[in-house]
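Me: Could you walk me through how to read a few features of a protein model? I would like the general idea and then the case at hand.

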Amino acid sequence: SAQMEFAENFLRENFPGHGGPIIGFHLGAGKPQNVWPAERFAELANLLHNAKNAAIFVSEGPADGIYVNKFKEIISAKYPGIKYAVHRGEIMNNAAIISKLRLFVTNDTGIMHIASGFDVPLVALFGPTPAFEWGPIGTGKVAIQGAASSINSIDINQVFETTMAHLSV
């Protein structure tokens, strides 16, 4: 399909000859209380880069610019060695790219539900919404629920360890 062709071209152009896994992040969400801080996503990118030579694909929806810009600022200031690329545009193109990733880490938001339909390991981060009701379903799909309904309480090490466990499968 045109979308799959788009995804292949996007990954080839943005990560030429990259040997490590390409891991996707979705940094935003419809509600601010569903957003894990961009600083922690940047720190997670650094941990995955150091552990697995991971490159990062960032999917950006219409309302995610503030979070994506913050992530880009932190990466360039603190972790300039990390290769990453952002796609903001057609949702079906975004979905096609996600379907070709090694793993996807996302906040509790619409793209999580789309991504859970693919055969790609998924780590979904939940704040106030009950993950047991709304979390992704299927093999290799896992939700991490913040304590006391706060997404900010989700620990970077827990996300990193969960991600690493799904990468080793």
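Reply: Happy to; we will go through helix packing, a strand pair, a loop and a helix residue in this predicted model.

Me: Let's start with helices. How is a packed pair described?

Reply: Two packed helices are described by the angle between their axes and the distance between the axes. Take helix α2 (residues 38–52) and helix α3 (residues 65–78): their axes come within 9 Å and cross at roughly 45 degrees.

Me: Which word describes the way α2 and α3 lie to each other?

Reply: They are oblique to each other, because an angle that is neither under 35 degrees, nor over 145, nor from 65 to 115 is put in that class. As for handedness, α2 passes α3 in a right-handed crossing.

Me: Which residues of α2 and α3 meet there?

Reply: On the α2 side you will find A38, E39, F41, A42 and A45, and they meet Y67, K70, F71, I74 and I75 of α3. Sorted by class, this contact has eight nonpolar residues, two charged ones and no polar ones.

Me: May we try a second pair? At what angle do the axes of α1 and α4 cross?

Reply: Helix α1 (residues 2–14) and helix α4 (residues 91–99) cross at roughly 65 degrees, with axes that come within 8 Å. The crossing of α1 past α4 is right-handed. In α1 the residues involved are Q3, M4, F6, A7, F10 and L11, and in α4 they are M92, N93, A96, I97 and S99. Their classes are eight nonpolar, three polar and no charged.

Me: Now strands. How do β2 and β3 run, parallel or antiparallel?

Reply: For a strand pair, look at direction, bridges and faces. Strand β2 (residues 55–60) and β3 run parallel, joined by five bridges. To find the register, pick out V58, which stands opposite V86 in β3.

Me: And which residues form the two faces of β3?

Reply: Strand β3 (residues 84–88) turns A85 and H87 to its covered face, while Y84, V86 and R88 are on the uncovered one. So V86, the partner of V58, belongs to the uncovered face.

Me: I would like to look at a loop next. Where does G146 lie?

Reply: Look between β6 (141–145) and α7 (156–167): G146 lies in that loop.

Me: Is G146 buried or exposed?

Reply: Buried: its relative accessible area is 7%, and the cut-off for that label is under 20%. Leaving out residues up to four places away in sequence, G146 touches F126, S153 and I154. For a sense of scale, G146 and Q3 are 143 residues apart in sequence and 34 Å apart in space, C-alpha to C-alpha.

Me: What about backbone angles in that loop? Which value of phi does A148 have?

Reply: A148 has a positive phi of about 50 degrees, although it is not a glycine. This residue is in the loop between β6 and α7 and is exposed, at 80% relative accessible area. S149 lies in the loop between β6 and α7 too, and its phi is also positive, near 60 degrees, in a residue other than glycine. With 44% relative accessibility, S149 counts as partly exposed.

Me: Finally, which residues does T162 touch?

Reply: T162 is placed in helix α7. Not counting residues up to four places away in sequence, T162 touches V123, V142 and I144. At 17% relative accessibility, T162 counts as buried.

Technical notes. Residues are numbered from 1 along each chain as its sequence is written. This is a predicted model: local features need pLDDT of at least 70, side-chain atom pairs count only at pLDDT 80 or more; totals for chains, interfaces and linings use all residues. Side-chain values use heavy atoms; hydrogens and water are left out. Axes are lines fitted to C-alpha atoms, for helices over the stretch in contact, and angles run from 0 to 180 degrees between N-to-C directions. Helices (H or I, at least four residues) and strands (E, at least two) are DSSP runs, numbered from the N terminus. A crossing is left-handed if the near helix is turned anticlockwise from the far one by less than a right angle, and right-handed if clockwise. Contact means heavy atoms within 4.5 Å. Ala, Val, Leu, Ile, Met, Phe, Trp, Tyr, Cys and Pro count as nonpolar, Asp, Glu, Lys and Arg as charged, and the others, Gly among them, as polar. Buried means under 20% relative accessible area, exposed over 50%, partly exposed in between (1.4 Å probe, protein chains only). Two strands pair if DSSP finds at least two bridges between them.
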